[in-house]
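Here are a few exercises to work through with the model open beside you. Try each task before you read on to its solution.

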Amino acid sequence: MCGGVSYKENEKQVKVYFPVPNASLPVLNKDKSINKMTWGRRREEKGALPLGGWARHESILKGVWGKYQPIPVKIAVDAFMEKDNQKTSHWFDLAEGEYIQGLVANSGDEQRVYVVTVEPDDKSIHDRWPRIVEE
């Protein structure tokens with residue numbers, strides 16, 4: 001389900017984990033600049049957008065996210081982390097030109113980014129996987 005990501009910022013490797021309050025993800029703009037956006041919404045955070053940090057690809061296709069004026073984006077990270085059934089963390093590197101697909105959801109002045117997930121072929125680590133897209 002992608003509980004964490006790792007990316008380089010100002011020559012320093014940064015790790016971000018969803019449970020951390022105000023966690024943000026680096027979203028790639030059309031001009032190739034990066035805009036950091038709040039990653040989903042946690043239970044303790046006020047707002048109208050859905051709780052959690054993930055959007056199932058199937059639910060996007062069914063129009064479930066339509067009321068949030070969804071915008072597809074690319075999340076620019078080097079790696080993502082999944083935990084297996086034993087709660088062991090596993091890191092997976094992305095290749096050059098690969099991104100995690102994100103969805104920017106909007107409600108009034110509130111805007112957050114969610115990681116788009118799909119069902120993986122191999123469910124040995126987790127039953128949801130971030131959707132990987134290329135340039």
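First, some vocabulary: two strands count as paired if DSSP finds at least two bridges between them. Strands themselves are DSSP runs of E with at least two residues, numbered from the N terminus. The model is a predicted one, in which local features need pLDDT of at least 70 and side-chain atom pairs count only at pLDDT 80 or more, while totals for chains, interfaces and linings use all residues. Residues are numbered from 1 along each chain as its sequence is written, and side-chain values use heavy atoms, with hydrogens and water left out.

**Exercise 1. The strand β1 and its partners**

Task: Work out which residues of β2 stand opposite Y7 and V5, and which residue of β7 stands opposite V5.

Solution:
- Step 1: start with β1 (residues 4-9) and β2, which run antiparallel and are joined by six bridges.
- Step 2: read off the pairs. Y7 faces V14 in β2, and V5 has V16 as its bridge partner there.
- Step 3: look at the turn. The β1-β2 hairpin has two residues between its strands, and N10 takes a positive phi near 55°.
- Step 4: move over to β7 (residues 79-83), which is antiparallel to β1 and tied to it by three bridges. Here V5 stands opposite F80.

**Exercise 2. The order of the sheet**

Task: Put the four strands of the open sheet in order, and say why one side of β2 and of β8 has no neighbour in the sheet.

Solution:
- Step 1: the order is β2-β1-β7-β8, with antiparallel pairing.
- Step 2: β2 (12-17) and β8 (89-93) are at the edges with a single partner strand each, so one side of each lacks a neighbour in the sheet.
- Step 3: add the twist, which averages 25° from one strand to the next. (Axes are lines fitted to C-alpha atoms, and angles run from 0 to 180 degrees between N-to-C directions.)

**Exercise 3. Buried or exposed?**

Task: Sort M37, S24, A48 and Y17 into buried, partly exposed or exposed.

Solution:
- Step 1: set the cut-offs. Buried means under 20% relative accessible area, exposed means over 50%, and partly exposed is in between (1.4 Å probe, protein chains only).
- Step 2: M37, in strand β4 (residues 34-38), has 9% and is buried.
- Step 3: S24, in strand β3 (residues 24-28), is buried too, at 18%.
- Step 4: A48, in the loop between β4 and β5 (54-56), comes out partly exposed at 47%.
- Step 5: Y17, in strand β2, is partly exposed with 30%.

**Exercise 4. Contacts across the chain**

Task: List what S24, M37 and A48 touch, leaving out residues up to four places away in sequence.

Solution:
- Step 1: contact means heavy atoms within 4.5 Å.
- Step 2: S24 touches Y7, V16, K36, M37, T38 and W39.
- Step 3: for M37, the contacts are A23, S24, L25, V27, V104, Q111, R112 and V113.
- Step 4: A48 meets R41, Y68, S107 and E110.
- Step 5: finish with a distance. A48 and K8 are 40 residues apart in sequence, and their C-alpha atoms are 31 Å apart in space.
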